[in-house]
Amino acid sequence: MEQDSSWESPSQEGSSLPGEPPSSALGQSFSQVLHRLTSQESRRGKTRSAALQDLGALIEAAECDQLFEGSGTSLRGMPEMLGQVAKALEKYAAPPKEQEGRGHANAEVAEKAAAVGLLFLKLLGKVEAAKNSLLCPTWKIGLRHLAGPIYIFAVTHSLEQPWTSPRAHEVAGEVLSLLLRVTQCGSVAGFLHGENEDEKGRFTVIMELLKPDLNKESWKKNPATKHVFSWTLQQVTRPWLNQHLERILPPSLLISDDYQTENKILGVHCVHHIVLNVPAADLLQYNRAQVLYHALFNHLYTPEYNLIQAVLLCLLDLFPVLEKGLHWKGGAARPTTHCDEVLQLILTHMEPEHRLLLRRTYARNLPAFVKRLGILTVRHLKRLERVIVGYLEVYDGPEEEARLKILETLKLLMQYAWPRVSCRLVVLLKALLKLICDVARDPNLTPEPVKNTLLEEATDCLILLDHCSQGQVKGLLVKTLQSCEDSKVVNCIRKVQQVSEGASYDGT
């Protein structure tokens, strides 16, 4: 399997160096087991299974003071040795490459994970015993070397992924719980950023352990790495995240720049978390915010609805950062913004789009862009008009999400840009009346509650349109009311007239 190549590096670190023997008989035994786990000659499953059994026996038989003893100035003390063993075990239980991770390979990984998890439980049990006995003060040094690899293992097999099994998932959960208890952390977030201001936290250690597997050449060798990185990143929020920006931003952009949609979405979620939890000043420094914007903007050309949804949500939170330094001083036209650029592209894609999932995604986010731009939405009024009319004509399925969101967009548009609406009165009035008639005559495609909501929203739009046109809608609806026989349509028109009769058109 491909992952076996990762054993070569630890084998050099875990074996005895020439002229520098292990500091104790126990250390020598651990070194021999580590060599059996990592050497090229012992890649057969039976050999490694025997090594795991011997390691379990060593841990159970060892006394706490022996297990965590140092060796003076030497770097070959037991804490370092335990750290190397923990890294080797974590690599041993790691899933294979994605193209190899099918069927039997995944079952084998889950079996390995369950066995390794039991060893980690034994190791952490020894740490906890040493901590409670007060006779072995060096347990903290041992825990410092063990915590990182054990955390990565626990998260790898706690997530719902193809390489996990119910048993491995259960054992990994127990390992993570025991790790938090031993480190006296109430949550994973506390474990990563520290439970108090004086405590440093272990986020930097985890990122350093993940770093070799998060570069352009290696990040796909272990399919769990990206998920561990993403999940770990999501646990750290303000005000702790900004100090790690240089460590977390490159991997997030790397993952989002992949050709696979799944990885693009994962990377965008990482970027979104960074945008939400890093101060604007840090994002603006070194032009980082612009880099994020261009990376996200390019994803809008990919016709994947779930990716578009993630990108648009991230961009809406990035706009305030990008536009933080923009202040209109009057006297000249306001400069176009990044929000203008994105909305223009969205409307360009919306007009010819026929795939329902993409139409719903675009429509779902359109109101937020109108709110963001406010009166400046008039720059896009012609294209918005075409999109609104076009989308109101098309049935969108039982939930009618797209048409409901388009009606919400139209209401906002009339509220922000009301002086420019009256000249579009006829077009918008026809579109709204056609929608009301289509919904009222719909025999069974749309559930009744959805129909009622559509009719209410369309009626509200007619009322707003009447306000924007100084009461012209009321007059135009008189003949319609006389000739219409459908009770639902008549009720909507009467409601518009009743509201309009009591309204004053001195201003909107």
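## A salt bridge within helix 20

Lys405 and Glu408 both belong to helix 20, which covers residues 401-416, and they stand 3 residues apart, about one turn of the helix. In this predicted model, the side chains of Lys405 and Glu408 form a salt bridge with an N to O distance of 3.3 Å. Lys405 is partly exposed, at a relative accessible area of 24%. Glu408 is likewise partly exposed, and its relative accessible area is 26%.

## Overall composition of the chain

The chain has 24 helices and 0 strands. Of its 508 residues, 53% are buried. The accessible surface of the chain amounts to about 23800 Å², and carbon and sulfur atoms account for 53% of that surface.

Among contacts in the chain with a separation of 6 or more, 72% are made by residues 24 or more positions apart. One pair of residues separated in sequence is Ser165 and Val109: they are 56 residues apart along the chain, and their C-alpha atoms are 9.1 Å apart in space. Ser165 is located in the loop between helix 7 (139-158) and helix 8 (166-182). The relative accessible area of Ser165 is 22%, and the residue is partly exposed.

## Salt bridges between separate elements

The structure contains 23 salt bridges. One of them joins Glu246 to Arg288, with the closest N and O atoms 2.5 Å apart. Glu246 is in helix 12 (residues 245-256) and Arg288 is in helix 15 (residues 288-299), so this salt bridge ties together parts of the chain that are 42 residues apart in sequence. The two partners differ in accessibility: Glu246 is exposed, with a relative accessible area of 56%, whereas Arg288 is buried, at 11%.

A further salt bridge is formed by the side chains of Arg372 and Glu323, at 2.8 Å from N to O. Arg372 lies in helix 18 (residues 356-373), while Glu323 is in the loop between helix 16 (305-322) and helix 17 (338-350), so the pair links parts that are 49 residues apart in sequence. Arg372 is partly exposed, having a relative accessible area of 34%. Glu323 has a relative accessibility of 15% and counts as buried, because the limit for that class is under 20%. In addition, Glu351, Arg383 and Arg386 are connected in a network of salt bridges.

## The largest cavity

Rolling a probe the size of a water molecule over the atoms shows where empty space is left. A search of the whole structure identifies 2 cavities of 30 Å³ or more. The largest cavity holds about 70 Å³ of space. Its lining consists of Leu381, Glu385, Leu410, Leu413, Met414, Arg420, Val421, Arg424 and Leu428.

Two elements, helix 19 (381-392) and helix 20, give two or more residues to the lining of the largest cavity. Helix 20 gives the most, with 3 residues. Helix 20 is also the element that holds the salt-bridged residues Lys405 and Glu408. By class, the lining of the largest cavity comprises 6 nonpolar and 3 charged residues, with no polar residues.

## The second largest cavity

The second largest cavity has a volume of about 30 Å³. It is lined by Leu253, Ser256, Gly267, Val268, Val271, Leu292, Ala295, Leu296 and His299. Helix 12, helix 13 (261-277) and helix 15 each provide at least two residues of this lining. The largest share, 4 residues, comes from helix 15. Helix 12 and helix 15 are also the elements joined by the salt bridge between Glu246 and Arg288.

The lining of the second largest cavity has 6 nonpolar and 3 polar residues, with no charged residues. In the lining of the largest cavity, by contrast, 3 residues are charged and none is polar.

How values were computed. Residues are numbered from 1 along each chain as its sequence is written. This is a predicted model: local features need pLDDT of at least 70, side-chain atom pairs count only at pLDDT 80 or more; totals for chains, interfaces and linings use all residues. Side-chain values use heavy atoms; hydrogens and water are left out. A salt bridge is a side-chain nitrogen of Lys or Arg within 4 Å of a carboxyl oxygen of Asp or Glu. Buried means under 20% relative accessible area, exposed over 50%, partly exposed in between (1.4 Å probe, protein chains only). On a 1 Å grid over the protein atoms alone, a cavity is a set of points where a 1.4 Å probe fits but cannot get out, and a pocket is an open set with protein on both sides within 12 Å along at least five of seven lines; lining residues have an atom within 4 Å of a point. Grid points are joined across faces, edges and corners, and a volume is the space filled by probe spheres set on the points. Ala, Val, Leu, Ile, Met, Phe, Trp, Tyr, Cys and Pro count as nonpolar, Asp, Glu, Lys and Arg as charged, and the others, Gly among them, as polar. Contact means heavy atoms within 4.5 Å. Accessible areas come from the Shrake-Rupley method with a 1.4 Å probe; for residues, only the protein chains shown count as cover.
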